[in-house]
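Please open the structure in your viewer and keep the selection tool at hand. The tour below proceeds stop by stop, naming what to select and then what is to be seen there.

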Amino acid sequence: GIFATLVSGLQEVGAEMNEKNREKKAHVQKVVKFLRSKDCPAWVEQEVTAWLRFKFDHDRQSSERDDVLESLPPQLQLSMVMHLNGRLINNTWIFGDLEHWESGRLLQELALVTHFEIFNTEDLIASHEINCTRLCIVEDGLISVEEPSGDGSEGRVLTVLKKGDWFGEYGLLGSTSWSLNRGWGDKVEFWAKDKVEIAVLDKNDFIDVLKHFPVEIYQELKRRANYQGTTPAQVEERLFDKMDKATAKWGAMTAKLLAGGHEPRQERDPDGECHDKSVIR
């Protein structure tokens, strides 16, 4: 009856979990045997085995997630991805509660190109020495944001990011700074305090998605960025120039349609650039 079916199902799940645990144990033992053959110290063995167990579990979860997605029809795949990734993106100030009617589809497309990365304890995740080109959202673990000492000693901890926190959002909009409008200073480093998993949206993927959407969405993102406290000096750096060029043609076409088929009116600002006054800003 139903009870027998439930018991049978639980037994299958238990058998599968036992098999995967045996695989993990065998893999760890193989690596431990190698380390001991090379006379590696005990602390190295402990660190390596802890990382292997963490990575094995992460890879297994990723594989299970991929298997589930591949077994679903496209619409259900999208629903699942939105649950897994879309909620993370939607929680950031830059994408949350966008007003444009196409914003829902934008979040769906961004969720599809979001991927996950893992880091071990004391791994360097990001640094001011490397340009910011991605939005990172903490999915698991703790990240220490530090001001480097400059002499090789431990840096000063500015804050600690936990699950649900994010950084690097301005990198999507053209900035190269990891700390813009955060009050962290120009030089910051992001260190894994323990084993960390982050969801990552790369700028190139973001631009590839955004160029297929009305320019008004991009302009709303620009307004949001400026509203969050961008200083005049930072505005003068024209953080959005690269994306402005990518969407200029689209903007001109949209403006022409809004103007009823006529060429949009152009006006020059003090720096000599032409701006389309028919496009919503």
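The tour visits helices, strands and several single residues of what is a predicted model.

**Stop 1: the loop after the first helix**

Begin by selecting Asp39, which lies in the loop between α1 (2–37) and α2. Its phi is near 60 degrees, a positive value in a residue other than glycine. Most residues other than glycine have a negative phi. Is Asp39 buried or exposed? With a relative accessibility of 69%, Asp39 counts as exposed, because the cut-off for that class is over 50%.

**Stop 2: between α1 and α2**

Next, select Val31, a residue of helix α1. Apart from its neighbours within four places in sequence, Val31 is in contact with Val48 and Leu52. Display the C-alpha atoms of Val31 and Leu52: these residues are 21 residues apart along the chain, and the two atoms are separated by 8.9 Å.

Now move to Thr49, which belongs to helix α2. Not counting residues up to four places away in sequence, Thr49 touches Val28 and Val32. Thr49 has a relative accessibility of 10% and therefore counts as buried.

**Stop 3: the pair α2 and α3**

Two packed helices are described by the angle between their axes and the distance between the axes. Select helix α2 (residues 42–70) together with helix α3 (residues 74–90): their axes come within 9 Å and cross at roughly 150 degrees. The angle therefore makes α2 roughly antiparallel to α3. Show the side chains at the contact, where α2 contributes Arg65, Val68, Leu69 and Glu70, and α3 contributes Gln77, Met80, Val81 and Leu84. Sorted by class, this contact of α2 with α3 has five nonpolar, one polar and two charged residues.

**Stop 4: the pair α4 and α5**

Which residues of α4 meet α5? Select helix α4 (residues 103–113) and helix α5 (residues 203–210), which pack at an angle of about 145 degrees with their axes 10 Å apart. The crossing of α4 past α5 is right-handed. On the α4 side, Leu106, Glu109, Leu110 and Val113 take part, and they meet Asp205, Phe206, Val209 and Leu210 in α5. By class, the contact of α4 with α5 has six nonpolar, no polar and two charged residues.

**Stop 5: strand β8 and its partners**

Select strand β8 (residues 196–202). How many of its seven residues are buried? Seven of the seven are, so β8 is largely enclosed by the rest of the structure. Both faces of the strand are covered: Val196, Ile198, Val200 and Asp202 are buried on one side, and Glu197, Ala199 and Leu201 are buried on the other.

Add strand β1 (residues 115–119), which pairs with β8 in the antiparallel sense over five bridges. Within this pairing, the bridge partner of Ile118 in β8 is Glu197.

Then add strand β3 (residues 134–140), which runs antiparallel to β8 and is joined to it by six bridges. Two positions may be labelled here: Val138 stands opposite Ile198 in β8, and Cys136 stands opposite Val200 in β8. Strand β3 is mostly covered, with six of its seven residues buried.

Strand β3 also pairs with strand β6 (residues 166–167), in the antiparallel sense and over two bridges. In that pairing, Ile137 stands opposite Trp166 in β6.

**Stop 6: from β1 to the open sheet**

Select Glu122, in the loop between β1 and β2. Its phi is near 75 degrees, again a positive value in a residue other than glycine. Glu122 has a relative accessibility of 53% and so counts as exposed.

The last selection is an open sheet of four strands, in the order β2-β7-β4-β5 and with antiparallel pairing. Which strands stand at the edges? They are β2 (124–127) and β5 (156–161); each has a single partner strand, so one side of each is left without a neighbour in the sheet. Neighbouring strands of this sheet are turned by 25 degrees against each other on average, direction ignored.

Finally, look at β2 beside strand β7 (residues 189–192): the two run antiparallel and are joined by three bridges. To see one of these positions, label Ser127, whose bridge partner in β7 is Glu189.

Notes: Residues are numbered from 1 along each chain as its sequence is written. This is a predicted model: local features need pLDDT of at least 70, side-chain atom pairs count only at pLDDT 80 or more; totals for chains, interfaces and linings use all residues. Side-chain values use heavy atoms; hydrogens and water are left out. Buried means under 20% relative accessible area, exposed over 50%, partly exposed in between (1.4 Å probe, protein chains only). Two strands pair if DSSP finds at least two bridges between them. Axes are lines fitted to C-alpha atoms, for helices over the stretch in contact, and angles run from 0 to 180 degrees between N-to-C directions. Angles under 35 degrees count as roughly parallel, over 145 as roughly antiparallel, 65 to 115 as roughly perpendicular and the rest as oblique. Contact means heavy atoms within 4.5 Å. Ala, Val, Leu, Ile, Met, Phe, Trp, Tyr, Cys and Pro count as nonpolar, Asp, Glu, Lys and Arg as charged, and the others, Gly among them, as polar. A crossing is left-handed if the near helix is turned anticlockwise from the far one by less than a right angle, and right-handed if clockwise.
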